[in-house]
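Me: I have just opened my first protein model and would like to learn how to read it. Could you take me through some features one by one?

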Amino acid sequence: MEYNTENINELAQSVAKLVGESLKTKTGNEQKQIAEIERAFREVLRQIGVKALGFYLSSLQTTPESGIACKCGGQLHYQRIREAKLISVFGKVSYERAYYAGCGCQKGKAPLDEAYGLEPGKFTAGLSQLMALSGIAFSFEESEKWLSEFLLFEISENSVRSETEGLGLIQKQADERAIENSQDEKVLQERLRHTPKNIPLRMYGSIDAAKVRIEPRAKQGEVVPEHENWRDMKVGCWYRAEPVPNTYQTRRQKAKAERDGTVFRTTAHHYFCDICPSDQFGKLLWASGCKHWADLVPELVFVCDGAIWIWDLVWHYYPNAKQIVDWYHAEEHLKKLAETVFASHDKRHAWLEPVTEMLWQGQVEEVVLACHSLEAQHPHVQPTAQYFANNAERMRYDQFRAQGYLIGSGTIESGCKQIVTQRLKRSGAQWTLDGAVRTAKARAVWLSGDWASLCKKRSALPLAA
């Protein structure tokens with residue numbers, strides 16, 4: 001928004017004079033530090049914001065009509081101009097608006113509140129967004145302290161939790177609607193009529209999971225086993241990849257380029273997550289894919305670890321997608337096997353180096369034989385050999401590199417760290433199932449760059465009756 005410069009200057013001079021007089025009264029002629037001066041200006045501007053927002057909302061009230069229609073079909077009658085209060089980014093604001101009542105349904109109504117999404121006694125949409133933003137970044141306790149310092153008035157820990165989980169609930173409900181629509185043939189047919197022209201030629205998908213501690217909710221007399229306290233937060237991501245120009249490559253990337261040939265960076269990340277059985281998560285995988293046109297991309301590539309449940313979902317929902325087991329997971333399997341079998345560093349290195357090169361060149365059958373060669377003295381090698389045998393076609397790394405595919409799933413591992421590790425697994429954190437899911441979904445939206453869209457959904461919600 002643009003404002004009249006002359007008016008801004010006049011207001012600024014008045015504020016400067018007001019703050020100057022206040023500082024002089026408090027500390028006399030002592031020299032003030034800039035931090036103290038800044039805080040004084042912030043507090044004055046906050047108080048001005050409280051009054052100004054109240055005056056502005058009151059000014060929106062036009063001359064009341066004698067009666068208006070009620071949602072039940074009856075008639076509401078004008079009662080009086082009634083004061084209301086709400087909590088905004090400036091603090092507690094009072095304003096006045098016309099109030100109607102007298103219908104047989106015994107429900108009242110303030111049209112101004114409905115028109116501007118105001119809920120007396122509640123937080124404004126703008127403040128709710130800030131509270132939720134702090135709630136997905138910090139613990140709720142930290143958020144309380146951070147917001148109090150930032151806003152210059154106190155916000156309770158429970159309020160931060162409520163607003164954060166409230167936005168997460170909106171996203172959860174949006175996911176549920178998306179799942180329902182993605183299984184509706186008429187909706188899918190209508191969707192095809194609006195296919196965008198800029199669908200990328202190649203898109204990637206990745207899936208992974210990370211453990212979250214869930215507070216047990218046993219009924220009286222029941223004992224909850226310890227292992228039930230931990231649940232898998234399944235995380236998925238749609239994204240694209242582009243080569244990193246030589247001039248922008250870091251030293252590490254240049255070293256990687258000498259071996260890989262091309263160094264990629266991923267873009268356009270869209271995360272989704274939930275704590276649920278894999279078949280239910282598959283429905284979300286499909287619904288999210290429909291939203292981002294993954295089913296219509298000419299070349300869809302999944303890069304994931306070797307978990308069976310992941311590839312079962314990919315086969316079921318995207319049978320034509322290219323499937324790649326993350327190179328680093330496959331390489332790590334060989335390293336762990338070598339460390340288990342060989343006590344000597346030299347023997348370990350002598351076996352591991354050529355076998356890793358075989359894997360790099362996509363010679364998976366040779367890798368399997370090399371593993372089997374150790375079975376006579378080490379029977380526990382068999383599961384590793386089977387792992388490579390089962391994923392042989394997903395490990396043709398020479399072919400994948402030649403076709404310019406990513407072969408690392410760092411994007412989804414980063415997503416799990418950002419959504420789960422950094423927020424849900426903070427020291428001492430313990431969650432209810434709903435709290436963990438809602439907070440994770442809200443954080444996933446932020447990481448996907450869709451925060452503004454989610455906040456608009458919150459602002460558009462109908463007011464409670």
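**Reading a model, step by step**

Reply: Let's start with one glycine: Gly168 is buried, because its relative accessible area is 0%. Please keep in mind that this is a predicted model.

Me: Where is Gly168 found, and which residues is it in contact with, leaving aside its neighbours within four places in sequence?

Reply: Gly168 sits in helix H6, which covers residues 157-182. Setting aside neighbours within four places in sequence, Gly168 is in contact with Arg438, Lys441 and Ala442. You can also try a distance: Gly168 and Ile136 are 32 residues apart in sequence, and their C-alpha atoms are 9.7 Å apart in space.

Me: Lys441 was in that list. Is Lys441 buried or exposed?

Reply: Buried means under 20% relative accessible area. Lys441 has 3% relative accessibility, so it counts as buried. Lys441 lies in helix H17, residues 433-447.

Me: What does the side chain of Lys441 reach?

Reply: The side chain of Lys441 reaches the backbone oxygen of Cys273, at 2.7 Å. Cys273 also appears among the contacts of Lys441 beyond four places in sequence, together with Gly168, Gln171, Lys172, Asp175, Asp274 and Leu284.

Me: Let me try a charged residue of the other sign. Where is Asp326 found, and is it buried or exposed?

Reply: Look in the loop between strand E8 (322-325) and helix H11 (327-341), and you will find Asp326. Asp326 is buried, because its relative accessible area is 1%.

Me: With which side chain does Asp326 make a polar contact?

Reply: The partner is the side chain of His329, at 2.4 Å. Leaving aside neighbours within four places in sequence, Asp326 is in contact with several residues, including Val303, Cys304, Tyr397 and Glu413.

Me: What about Gln249: where is it found?

Reply: Gln249 belongs to the loop between strand E5 (230-243) and helix H8 (251-260). With a relative accessible area of 11%, Gln249 is buried. From C-alpha to C-alpha, Gln249 and Val263 are 8.2 Å apart in space, while 14 residues separate them in sequence.

Me: I have also heard of backbone angles. How should I read phi?

Reply: Most residues other than glycine have a negative phi. Here, Gln106 has a phi near 65°, a positive value in a residue other than glycine. Trp293 also has a positive phi, about 65°, although it is not a glycine.

Me: Where do Gln106 and Trp293 lie?

Reply: Gln106 is in the loop between strand E3 (91-101) and helix H3 (111-116). Trp293 is in the loop between helix H9 (278-291) and strand E7 (299-304).

Me: And how do I judge whether Gln106 is buried or exposed?

Reply: Use the relative accessible area again: over 50% is exposed. Gln106 has 74%, so it is exposed. Trp293, at 18% relative accessibility, counts as buried.

Me: What does a value in between look like?

Reply: Pro111 is a good case, since at 30% relative accessibility it counts as partly exposed. Pro111 lies in helix H3. Not counting residues up to four places away in sequence, Pro111 touches Ile68, Ala98 and Tyr100. For a wider view, go from Pro111 to Tyr387: they are 276 residues apart along the chain, and their C-alpha atoms are separated by 64 Å.

Me: Now for the whole protein. How many helices and strands are there?

Reply: The protein has 18 helices and eight strands. Its radius of gyration is 29 Å, well over the 23 Å that the globule rule gives for 465 residues, so the protein is more spread out than a compact globule. Along the principal axes, its C-alpha atoms fill a box of roughly 90 × 65 × 60 Å.

Me: How much of the protein is buried, and how much area does it expose?

Reply: Buried residues make up 40% of the 465 residues. The protein exposes about 26,600 Å², and carbon and sulfur atoms supply 51% of that area.

Me: What about contacts along the chain, and the charges?

Reply: Of the contacts between residues at least 6 apart in sequence, 68% join residues at least 24 apart. As for charge, the protein has 59 positive and 58 negative side chains, and the centres of the two sets lie 4 Å apart.

How values were computed: Residues numbered from 1 in each chain as written. Predicted model: local features only at pLDDT ≥ 70, side-chain atom pairs only at ≥ 80, totals over all residues. Heavy atoms only, no water. Helix = DSSP H or I, 4+ residues; strand = E, 2+ residues; numbered from the N terminus. Buried < 20%, exposed > 50% of the residue type's maximum accessible area, 1.4 Å probe, protein only. Polar contact = N/O pair within 3.5 Å; in protein donor to acceptor, adjacent residues only side chain to side chain. Contact = heavy atoms within 4.5 Å. Rg over C-alpha atoms; globule rule 2.2 N^0.38 Å. Areas by Shrake-Rupley, 256 points an atom, 1.4 Å probe, with all protein chains shown as cover. Lys, Arg positive; Asp, Glu negative; His and termini not counted. Charge placed at Lys NZ, Arg CZ, Asp CG, Glu CD.
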